Amino acid sequence: MVKRPSKPLLHEQETSLRGKPRRRRDPAQPSLPLDPMPDRIEPCLALLRQKPPVGPQWAFEVKWDGYRVAVHLDHGRVRIITRGGHDWTDRFPAIADAARKLGVGMAIIDGEAVVLDEQGRSDFSALQQSLGGRGGKKTSVSSILMAFDLLYFDGHSLLNTELSARRHLLEGIIPSGTDSAIRLSEEVEADGAALLAAACEHGLEGIIGKDRNSPYRSGRGGDWVKVKCVQSDTFAVVGYEHSLSARAGIGALLLAARKDGKLVYVGSVGTGFKESAAWKLREQLDKLVAKKPAVDYGGRRKNVVWVRPSLFAEIEYRAWTHDDKLRHASYKGLRDSADAADIYEIE
């Protein structure tokens, strides 16, 4: 004999199902606090390494060569802040317009503003030209943002959240494969050494390794590391060799790095100058002419014009000599003060 249930089945009930009535929220009960959006966050910087790190905690990306910026979104208001703390929203209109279309209320996105060549590689010289050179006032309509981190989202700081969680949220904001002016810098599932070899083969600058478990810490603490295919660093311009046969009369730029708190001469660069860029550079150099050199100079170059070390050049080179001079150097462009790039320091 089948025993019938003592209570009616759900479909046999005529009355609607209801839960217990909700209690009113006690105003004294604490709620999840909101973090005020910071005006600026000092960026996390990558530490230079000779070899990629090894271990499952390391995630890898392509190294982009451009201007480090943070995009601040606040309910339709956009600010693009450079590493040096300058507001360059007007200089990157395409990035600002793409940020407004993300459909996000409040966020701070960390990334690199770049100009890509036909092969999809970042081209620092092209970026500089699009901005009008160092101190230029042009707007770069061709620049895009390669986004790689999310520092603040919907009223909450993510600085103490591990990288893997920040990336997960970022991927929800910026879908992969988009061709807008804000694109996701993809993580590459590969061994670091194999990825570096592939990056160098395709003419890229190098790779970045990031500890998936690390919070976002400002400065160069080692949570992020960079490994380069070709060395490229920033050096102070301390003079130039005047030449009647060279473009704009610049036979070579004389360069300096920091060592033990002072500038030291590290050699010269005489290649990589384009005609228009050379003349603009000459105009800037002539405004900085100095009577005495800013470094101890034991070179043999003639017709040297010394200048105050106020210009900072991005130089690509292959190696160092035994006496701390650059080998096979090539000029890429001037770094703007807004970029706040570090002058190379000799250990």
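Me: Before we look at helices, what do buried and exposed mean here?

Reply: Buried is under 20% relative accessible area, exposed is over 50%, and partly exposed sits in between (1.4 Å probe, protein chains only). Bear in mind that this is a predicted model, where local features need pLDDT of at least 70, side-chain atom pairs count only at pLDDT 80 or more, and totals for chains, interfaces and linings use all residues. Residues are numbered from 1 along each chain as its sequence is written, and side-chain values use heavy atoms, with hydrogens and water left out.

Me: OK, which residues of α5 are buried?

Reply: The general idea: an α-helix has 3.6 residues a turn, so residues three or four places apart point the same way. In α5 (helices are DSSP runs of H or I, at least four residues; strands are runs of E, at least two; both numbered from the N terminus), the buried ones are A278, L281, R282, Q284 and L285. They share one side of α5 because their arc around the axis is only 165 degrees, taken from the directions from the helix axis to the C-beta atoms.

Me: And which residues on the other side of α5 are exposed?

Reply: S276 and E283.

Me: What covers the buried residues of α5?

Reply: Strands β11, β12 (250-259), β14 and β17 (330-335) are among the elements covering them, with contact meaning heavy atoms within 4.5 Å.

Me: By class, what is in the lining of the largest pocket?

Reply: There are 16 nonpolar, 6 polar and 21 charged residues. Ala, Val, Leu, Ile, Met, Phe, Trp, Tyr, Cys and Pro count as nonpolar, Asp, Glu, Lys and Arg as charged, and the others, Gly among them, as polar. A pocket is an open set of points on a 1 Å grid over the protein atoms alone, where a 1.4 Å probe fits, with protein on both sides within 12 Å along at least five of seven lines; lining residues have an atom within 4 Å of a point. Strand β11 gives the most to that lining, 4 residues.
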